[in-house]
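Let's take a walk through this model together, beginning where two chains meet and then moving on to the sheets. Keep the view open and follow along.

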Protein chains: 2
Amino acid sequence: MPLLVVGSVALDCVETPTASRDDVLGGSAVFFSYAASFFSPVKMIGTVGEDWPAAHTRFLEARGIDTSGIETIPGGKTFRWRGRYLPNMNDRETLEVHLNVFGEFRPKLGPGHRDAKFVFLGNASPVTQLSVLDQVPEASLTVADTMDLWINIQRDELETLLRRVDGLVLNDAEAKLLAEDENLVRAGHAVREMGPNFVVIKKGEHGAMFFSEHEMYVMPAYPTPRVLDPTGAGDSFAGGMMGHLAALGRFDPQALKEALAYGVITASFTVEDFSLDRLASIVRPDLDRRLAEYRQMLMF
Amino acid sequence: MPLLVVGSVALDCVETPTASRDDVLGGSAVFFSYAASFFSPVKMIGTVGEDWPAAHTRFLEARGIDTSGIETIPGGKTFRWRGRYLPNMNDRETLEVHLNVFGEFRPKLGPGHRDAKFVFLGNASPVTQLSVLDQVPEASLTVADTMDLWINIQRDELETLLRRVDGLVLNDAEAKLLAEDENLVRAGHAVREMGPNFVVIKKGEHGAMFFSEHEMYVMPAYPTPRVLDPTGAGDSFAGGMMGHLAALGRFDPQALKEALAYGVITASFTVEDFSLDRLASIVRPDLDRRLAEYRQMLMF
């Protein structure tokens, strides 16, 4: 089942205690698509400026990702983000954000995109996410991400979105902020009661939590000793998760749980190098091998 | 198989964002013993002052815990700790510590204690822990806890201890400090290479990690929506873990993994109320029911 993702396409500058990289391929839609491409066909919707290197598009297309939905804005500049990770490699500070063309991102979906069945609304304003929802009337599974900025400045629109999507993926700090509760278990349930059928809270190096009406569970992160750059881990998680669901073509509780595990495993590779370097170095059997190891790890 | 524990016996004052308690029963040996008593007979070694309420001893003995190894120091005062939890209920600050009689704690084990086979060296100085090790020549499983203070001021003695114990249990911050590595996976392996056959890193609300020569795994915390007071969670975890091992009388990899799960589950009850209030309200089938739920949670 083809998977549609809408989100940011970016050039990232990443600083860590041991190394740094400038102008590397990044953005929520990029990490999501690459991760999902191990599982199912993916179509990306995004926007870039004239400074966007054609090599990046070719790199994504070589994975079979449909990039026809990436619009290049004449005279525009691509979204840029610069961040620095603290020594624990889990917390980070944003040093610079230049929204550039992403600030005016109002995607118009073409006929090849409007019939999408599985849709992921990556990081963008709730207004933008809602306008995309309006353009995918046949979607059977819609999942959104969000961030603290939108919780703070577009809360009403976000609440409207939450009543319309099937699932929400957000990180622990965002869940606490949105639910106004420091206990993540209560926060997850509270966010679910705002509308979505299920909520996934991403906890970075501590894994992820799942909440639906009848289920709640936690999955730890896969413990890799090699954490070079956590950028994109959350979007890779979502990509692995949605990719698996789109491949199955269903999203019953068992499928969702497996999908979360695939999300955890996909993200565990992403953090092992900068940008998409590590994901670009593996093949699908690597994901399945690590998933089997992870399954064994959780069995007692 | 009887289980011996040596550690602190304390009166705690606990402040949380929503409630506080003064002079409640606490201390590493107390939480450990009570938790372990769900699984196996326990003998406690500790020291208290004349201010120690006899009711506390009766409370422990009513659980079948052998308190004959608790020495009352004439004219002395019991160890006291006062702490305050931050709103996230995972991090805390220590407001006051009065070691009192615990500062001079040099346990002399009697004949009923020297033949212990399963021994847990709760929080005490490595020098004290080593002196206890010398007094249990027949021990088949010795596991120690430690804390940042000893890593900082008695590192040599701690390293001697690490070469002599079978297992070490410590929290994430302590593991990073001891290994001088911010990556917990690498830190766990590094600490294990200092001597113990296995190392368990406690991550509070994020669960625990296990390291041996051939195995490494992570277990999430059981996600309880009710976190009233995390004090003693780590010691309850160790108590559940060691209690299960002592009950089995073995500590092969499968037993250790089950033991860690029991530790997680026991600690999940401890945090649901102040002091030992929650553990005192449950029976063994409650632990087994939650363990079964936890096992299911981790299966996909």
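Across the interface of chain A and chain B, the rule finds 0 salt bridges. What the two chains do have is 14 residue pairs in polar contact, with both partners at pLDDT 80 or more; that confidence filter applies since this is a predicted model. The contact itself involves 34 residues of chain A and 34 residues of chain B. Together the chains bury about 2,800 Å², and 63% of that area lies on carbon and sulfur atoms.

Which elements of chain A supply at least two residues each to the side that touches chain B? They are helix H8 (184-192), strand E13 (216-219), helix H10 (253-270) and helix H11 (284-297) of chain A. The most comes from H11(A), which gives 5 residues. Sorted by character, the residues on this side of chain A are 19 nonpolar, 6 polar and 9 charged.

Two of those contributors, E13(A) and H8(A), lead us into the fold of chain A. E13 belongs to an open sheet of 9 strands with mixed pairing, and tracing the sheet across gives the order E5-E4-E1-E8-E9-E10-E11-E12-E13 (chain A). Strand E5 (66-72) and E13 of chain A stand at the edges, each with a single partner strand, so one side of each has no neighbour in the sheet. On average, neighbouring strands here are turned by 15° against each other, direction ignored.

Within this sheet, have a look at strand E10 (residues 167-171) and strand E11 (residues 198-202) of chain A, which run parallel and are joined by 5 bridges. A handy landmark is Val169(A), which stands opposite Val200(A) in E11(A). H8(A) lies across E10, E11, strand E12 (208-212) and E13 of chain A, and runs at about 45° to E12(A). So where does H8 of chain A bring us back to? To the side of chain A that touches chain B, where H8 supplies at least two residues.

Chain A also holds an open sheet of 4 strands, in the order E3-E2-E6-E7 (chain A), again with mixed pairing. Its edges are strand E3 (20-26) and strand E7 (92-98) of chain A; each has a single partner strand, so one side of each is left without a neighbour in the sheet. Neighbouring strands of this sheet are turned by 20° against each other on average, direction ignored. Strand E6 (residues 79-85) of chain A pairs with E7(A) in the antiparallel sense over 6 bridges. To find your place there, look for Gly83(A), which stands opposite Thr94(A) in E7(A).

Methods
Residues are numbered from 1 along each chain as its sequence is written. Chains are lettered from A and ligands numbered from 1 in the order in which they are written. This is a predicted model: local features need pLDDT of at least 70, side-chain atom pairs count only at pLDDT 80 or more; totals for chains, interfaces and linings use all residues. Side-chain values use heavy atoms; hydrogens and water are left out. Contact means heavy atoms within 4.5 Å. Buried area is the accessible area (1.4 Å probe) that two parts lose on being put together, summed over both. A salt bridge is a side-chain nitrogen of Lys or Arg within 4 Å of a carboxyl oxygen of Asp or Glu. A polar contact is a pair of N or O atoms within 3.5 Å; within protein, one must be able to donate a hydrogen and the other to accept it, and residues adjacent in sequence count only if both atoms are side-chain atoms. Ala, Val, Leu, Ile, Met, Phe, Trp, Tyr, Cys and Pro count as nonpolar, Asp, Glu, Lys and Arg as charged, and the others, Gly among them, as polar. Two strands pair if DSSP finds at least two bridges between them. Axes are lines fitted to C-alpha atoms, for helices over the stretch in contact, and angles run from 0 to 180 degrees between N-to-C directions.
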